[in-house]
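Work through the exercises below with the sequence and the model open. Each task is followed by a solution in steps.

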Amino acid sequence: MQRIGVFVCWCGSNIAGTVDVKAVAEAIKSEPGVVYSTDYQYMCSQAGQNMIIESVKEHNLTGLVICSCSPRMHEATFRKTAAAAGLNPYMVEIANIREQCSWVHKEMPVGTEKAIILAKAAVAKVNLNTPLTPGESPVTKRALVIGGGIAGIQTALDIADAGFPVDIVETKPTIGGKMAQLDKTFPTLDCAACILTPKMVDVAQHEKIRIFSYSEVTEVKGFVGNFDVTIKRKARFVDETKCTGCGDCVDKCPMKKNPNEFNMGMDNRSAIYIPFAQAVPKVATIDAGACTMLKKGKCGLCSKVCGAGAIDYTQKDEFVSEKYGAIIVATGFNVINLDKFDEYAYNQSKDVITSLEFERLTNAAGPTAGKLLRPSDGKHPHKIVFVQCVGSRCENCAEKGKEYCSKICCMYTAKHAMLTRDKYPDTDVTVFTIDVRTPGKNFDEFYRRAVEEFGVKYVKGMVGKIVPEGDVLKVQASDLINNKQLHIDADLVVLAAAIEPDKSARPLATMLTASMDTNDFFTEAHPKLRPVESPTAGVFLSGACQGPKDIPETVSQAGAAASKVIGLLCKDKLVGNPCIASSNELMCNGCSSCERVCPYGAITYSDKEFRMPDRTTKIRRVASVNPAVCQGCGACTVACPSGAMDLRGFANDQIMAEVDAICK
């Protein structure tokens, strides 16, 4: 039997407000194994921890039960306290009487009764706990950044500047992401390319950074410090080592009627193309679905005009395997599909466009060379309507939109309206909005400047329907302040469409065993204390893959993620989690159920020789667990039909002891 000390925390009034902590401490004194029980206002404070250390020595304690907040918050804290007192850190059990008790009960008798039950369950488990010793594993001092937008670029640069090699994997032919498509940035109206291009060049020239453009991650195995990643380098039919980016092939290519993805399909590109002038790497890519040579074996003009001899029609997809110590997800965002929003006539009129399409129209490198022209006829629009929250904050249309606020729309719409009025003073600009959200430094001043200095009209109300009639867009909307319906004949309508995670996020999360929310944004380990870490050790989050963000916030988070990665890669060895699965070979029947459910590939099977009672030998197929790979998820223990698999620290008899204590 253990000598257990129980320490009940008040947590100020968080726990003590609805739990009689002194009654809990008194009730636990009679539990088997408990030799000391007390309460204190703030057990996680330095004074509280010193009290625990002194109590361990004074009462010769062999196990601790801390009745406090969630183990996600302070389990590591109290394990360090136990180690400082000379105890094995894994002889500590947390009874969560805050989140699971005081925060969900309003009446003190009910809260107190439940807290006592939770404390008894923890005591029952500690009585069966055994000291555990964590193993060690080496760290591969290389990082992988998945995504080459501004988040991935900044993260990679910060890690590389610290002296660690970094690989960037980007699905498109060039890095740069959405920021490369922007014209100006709010609230300073800086040129987006002027900010981004130098960073892209820095990435290309950095000796510690390697770019895998036009590539994707296809498989991830391993664990923190030792990830094995397979990268698919898609055939671009151009030798990157030879191509000089001169553009002769692009100019001569006869297949020039392919939608230009970089300009949001508002103009065409050649079958062989370089996305934009500042592309990194500046290497041509052949669109296999548009190239006559690849489809029919005819043409080959690009190969004939290429002085560097870079064209290679025989090129195949290539798979590269690399080892990494840390992985950073920076997959970014996309604008939602507006096909279901028929009321805005997006698919009926070329003059109803998204905000990102508007960015390309106003960009000097865009389809109209920076001139604001209507896509339908190339004429200058004199009356423009901007519609906010298209698909965002969609409480009654969740099946086609998003319930969350996309965060950046209010500001970039103010930017668009301001720039339009500045460059074309004769243009009438009206913005329809539910409300204006400007929660950033100088953001509200920026919005007020659009209204007061540039005369942008803001109307509190939503557009109900847009009907194309000839050259005019009939906009029907409500003005909630003046309580009336508006009918506006607009030349151009710009929809501030909601943003969502990139489509690659969900399959990537499956490969990384990372957590996602219901909107497919990656979930952080803790929203306040660990905002750039995934719950999966060694996987970090950067940028809009975690939620809607503007550029300054994205760059800040990229730096934060990089600092966490640097802290990891600085270590030569990592201490593993000793709470891992183990197999009882005498009970194992070799069914492979555990191997099939293990998400980390930690379980393998082998044939072993066993001596039978009659002194004969028998070969049996049994499971074995790789302790360096196992993450202690417990899936195998649930799947094992013979009960051969068990989890150290959470063994079946320990769990059942807790259940019995609760059910007494």
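The exercises go from the whole chain to helix packing, aromatic pairs and loop residues.

**Exercise 1. The chain as a whole**

Task: State how many helices and strands the chain has, what share of its residues is buried, and what box its C-alpha atoms fill.

Solution.
- Step 1. The model is a predicted one.
- Step 2. Its secondary structure comes to 18 helices and 34 strands.
- Step 3. The chain has 664 residues, and 52% of them are buried.
- Step 4. Along the principal axes, the C-alpha atoms fill a box of roughly 85 × 70 × 40 Å.
- Step 5. Of the contacts with a separation of 6 or more, 68% are between residues 24 or more positions apart.

**Exercise 2. Helix 2 and helix 5**

Task: Describe how helix 2 and helix 5 pack, and decide which word fits their angle, parallel or oblique.

Solution.
- Step 1. Two packed helices are described by the angle between their axes and the distance between the axes.
- Step 2. Helix 2 covers residues 21–28 and helix 5 covers residues 108–126; the angle is about 40° and the axes are 9 Å apart.
- Step 3. Angles under 35 degrees count as roughly parallel and those from 65 to 115 as roughly perpendicular. Helix 2 and helix 5 are therefore oblique to each other.
- Step 4. The crossing of helix 2 with helix 5 is right-handed.
- Step 5. On the side of helix 2 the contact is made by Ala23, Val24, Ala27 and Ile28, and on the side of helix 5 by Thr112, Ala115, Ile116, Ala119, Lys120 and Val123.
- Step 6. Sorted by class, this contact of helix 2 with helix 5 has eight nonpolar residues, one polar and one charged.

**Exercise 3. Helix 12 and helix 13**

Task: Give the axis distance, angle and handedness for helix 12 and helix 13, then list the residues in contact.

Solution.
- Step 1. The axes of helix 12 (residues 409–423) and helix 13 come within 9 Å, crossing at roughly 35°.
- Step 2. Helix 12 passes helix 13 in a left-handed crossing.
- Step 3. Helix 12 contributes Met411, Ala414, Lys415 and Met418, while helix 13 contributes Phe443, Phe446, Arg449 and Ala450.
- Step 4. By class, the contact of helix 12 with helix 13 has six nonpolar and two charged residues, and no polar ones.

**Exercise 4. Aromatic pairs**

Task: Count the aromatic pairs, and work out what kind of pair Phe358 and Phe386 form and what kind Tyr447 and Tyr458 form.

Solution.
- Step 1. A pair of aromatic rings is described by the distance of the centres and the angle of the planes. Centres have to lie within 6.5 Å, and planes over 60 degrees apart count as edge-to-face.
- Step 2. By this rule there are seven aromatic pairs.
- Step 3. One of them is Phe358 with Phe386, at 5.6 Å centre to centre and 75° between the planes, an edge-to-face pair.
- Step 4. This pair links distant parts of the chain, with Phe358 in helix 11 (residues 355–362) and Phe386 in strand 21 (residues 383–390), 28 residues apart.
- Step 5. Phe358 is buried at a relative accessible area of 1%, and Phe386 is buried at 1%.
- Step 6. For Tyr447 and Tyr458 the ring centres are 5.0 Å apart and the planes are at 90°, so this pair is edge-to-face.
- Step 7. Tyr447 is in helix 13 (residues 443–452) and Tyr458 in strand 23 (residues 457–460), 11 residues apart.

**Exercise 5. Pro173 and two of its contacts**

Task: Locate Pro173, decide whether it is buried or exposed, and follow its contacts to Tyr214 and Pro281.

Solution.
- Step 1. Pro173 is in the loop between strand 7 (166–169) and strand 8 (184–185).
- Step 2. Buried means under 20% relative accessible area. Pro173 has 8%, so it is buried.
- Step 3. Leaving out residues up to four places away in sequence, Pro173 touches Ser213, Tyr214, Arg236, Tyr273, Pro275, Pro281 and Thr285.
- Step 4. Tyr214 lies in the loop between strand 10 (209–212) and strand 11 (215–223). Its phi is near 50°, a positive value in a residue other than glycine. At 16% relative accessibility, Tyr214 counts as buried.
- Step 5. Pro281 is in the loop between strand 15 (272–273) and strand 16 (285–286). The peptide bond from Val280 to Pro281 is cis, with omega near 0°.

Conventions
Residues numbered from 1 in each chain as written. Predicted model: local features only at pLDDT ≥ 70, side-chain atom pairs only at ≥ 80, totals over all residues. Heavy atoms only, no water. Axes fitted to C-alpha atoms, helices over the stretch in contact; angles between N-to-C directions. Helix = DSSP H or I, 4+ residues; strand = E, 2+ residues; numbered from the N terminus. Parallel < 35°, antiparallel > 145°, perpendicular 65-115°, else oblique. Left-handed = near helix turned anticlockwise from the far one by under 90°. Contact = heavy atoms within 4.5 Å. Nonpolar A, V, L, I, M, F, W, Y, C, P; charged D, E, K, R; others polar. Phe/Tyr/Trp six-rings, centres within 6.5 Å; stacked < 30°, edge-to-face > 60°. Buried < 20%, exposed > 50% of the residue type's maximum accessible area, 1.4 Å probe, protein only.
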